[in-house]
Amino acid sequence: MLTHLEVLDDARLDVYARLTDVALRSKLEPEQGICIVESAKVIERALDAGLRPQSLLLEAHRATTHADLIARFEALWPEAPIYVAPREELAQLTGFDLTRGALAAFYRPAPRDTRDVLEQAHRVAILEDITNHTNVGAIFRSAAALGMDAVLVTPGCYDPLYRRALRVSMGAVFQIPWAYIGTDVEGSAKHGNVARAGGWSETGIPLLHECGFRVAAMALTDDSIPLDDPCLTRTDKLALVLGTEGEGLSEHTIARCDYTVKIPMAHGVDSLNVAAASAVAFWQVRQINKPA
């Protein structure tokens, strides 16, 4: 059943109104256990993944356009309210004009156990302290599309369930298994804490080895091997570690990895954006015939 709202000062829309303050949003969302999902397609993928919605918010004039989404929402979660409001009112919510008329608040899924994720995987991407939501989302989308089995994120990496990361990933964050790996100096993997560069690798890389993985650091060093080296494609279980823009991977991480790998470049170009590099790497190391 649709609930029509004329103004946005309704307390029931607080979770959406807070999106106007990026700092407040990034601080409060993990504590409240809520993630904001934008656009009908990504909302559908959240529903496919079994996430429980808190509410759905639509532009009034798009209610007919989203009739199928409304019907599915009501069938799966009849207790979750569906709010509709005039476009001119919703325009006051930062970025709402980019959502194609639909936002949903979902309760965050419980974090997966890292070891459980690894036991089901043969190709894994690890995101070390990537501090750009667009890159995080793009890497998740490439990982899902190009044959990776899972994504692991370090404590210093930006939140994959942040609104922009979800939008850029087109919901791939809901389609591919992911978990946190390693701990920061305080022993906590919760997003937002300050993590020591490469600190995750003290416990994370031994765990990968214990689960049968060889670990390859994507980095430009004197002893880097090319991405098409046969030793990588022959490896049954392989984890690729990707670093943040500019600084790249920490020296501690590189030293603990089994390989250091680079993408051969032409025309004097030294490197690619991490999201572009991830797509190249995932395609190259994919397993065409995965073990049963």
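Here is a friendly round of questions and answers about this predicted model.

Reader: Glad to have a guide! In what order do the five strands of the open sheet stand?

Author: Happy to help. The sheet is open and built from five strands, with mixed pairing. Neighbouring strands in this sheet are turned against each other by 25° on average, direction ignored. Read across the sheet, the order is β1-β4-β3-β5-β2.

Reader: Which strands stand at the edges of that sheet?

Author: An edge strand here has a single partner strand, so one side of it is left without a neighbour in the sheet. That applies to residues 2–4 and to residues 34–38. The edge strands are β1 and β2.

Reader: How many bridges join β2 to β5, and in which sense do they pair?

Author: Strand β5 covers residues 102–107. One place to look is C35, whose bridge partner in β5 is F106. The two strands, β2 and β5, pair over five bridges, and the sense is antiparallel.

Reader: On the β3 side, which residue of β5 is the bridge partner of L58?

Author: Strand β3 spans residues 53–59. It pairs with β5 in the antiparallel sense over five bridges. Within β5, the bridge partner of L58 is A102.

Reader: Is β5 largely enclosed or largely open, and how many of its six residues are buried?

Author: A residue counts as buried when its relative accessible area is under 20%. Most of β5 passes that test, so the strand is largely enclosed by the rest of the structure. The number of buried residues is five of the six.

Reader: Which helix lies across β2, β3 and β5, and at what angle to β5 does it run?

Author: The helix to look for covers residues 40–48. Another helix, α4 (residues 67–76), lies across β1, β3 and β4 and runs at about 160° to β3. The helix across β2, β3 and β5 is α3, and its angle to β5 is about 25°.

Reader: Now for charges: which residue meets D48 in a salt bridge?

Author: Side chains of opposite charge can pair when their charged atoms come close. In this pair the N to O distance is 2.6 Å. D48 lies in helix α3 and its partner in helix α4, so the pair ties together parts that are 24 residues apart in sequence. The partner of D48 is R72.

Reader: Is D48 buried or exposed?

Author: Exposed means over 50% relative accessible area. D48 has 54% relative accessibility, while R72 has 25% and counts as partly exposed. D48 therefore counts as exposed.

Reader: And is E59 buried or exposed?

Author: E59 forms a salt bridge with R62, with the closest N and O atoms 3.0 Å apart. R62 counts as partly exposed, at 25% relative accessibility. The relative accessible area of E59 is 2%, so E59 is buried.

Reader: How many residues apart in sequence are the parts that E210 and R115 tie together?

Author: These two form a salt bridge whose closest N and O atoms are 3.0 Å apart. E210 is exposed at 56%, and R115 is partly exposed at 32%. E210 lies in helix α9 (residues 201–210) and R115 in helix α6 (residues 114–119), so the parts they tie together are separated in sequence by 95 residues.

Reader: How many salt bridges does the structure hold?

Author: Beyond the pairs above, E38, R163 and R167 are linked in a network of salt bridges. The structure's count of salt bridges is eight.

Reader: Moving to β12, which residue in that strand stands opposite A217?

Author: Strand β12 covers residues 259–262, and β9 (residues 214–218) pairs with it in the parallel sense over three bridges. Strand β10 (residues 225–226) pairs with β12 too, again in the parallel sense, over two bridges; there I225 stands opposite V261. For A217, the residue opposite is T260.

Reader: Last one: what accessible area does the nonpolar surface patch with L272 have?

Author: L272 lies in the loop between β12 and α12 (274–285). With 37% relative accessibility, L272 counts as partly exposed. It forms the patch with M265, V269 and V280, and their accessible area together is about 280 Å².

Terms used:
Residues numbered from 1 in each chain as written. Predicted model: local features only at pLDDT ≥ 70, side-chain atom pairs only at ≥ 80, totals over all residues. Heavy atoms only, no water. Pairing = 2+ DSSP bridges. Helix = DSSP H or I, 4+ residues; strand = E, 2+ residues; numbered from the N terminus. Axes fitted to C-alpha atoms, helices over the stretch in contact; angles between N-to-C directions. Contact = heavy atoms within 4.5 Å. Patch = residues over 30% accessible without salt bridge, like charges linked within 9 Å, V, L, I, M, F, W, Y side chains within 5 Å. Areas by Shrake-Rupley, 256 points an atom, 1.4 Å probe, with all protein chains shown as cover. Salt bridge = Lys/Arg side-chain N within 4 Å of Asp/Glu carboxyl O. Buried < 20%, exposed > 50% of the residue type's maximum accessible area, 1.4 Å probe, protein only.
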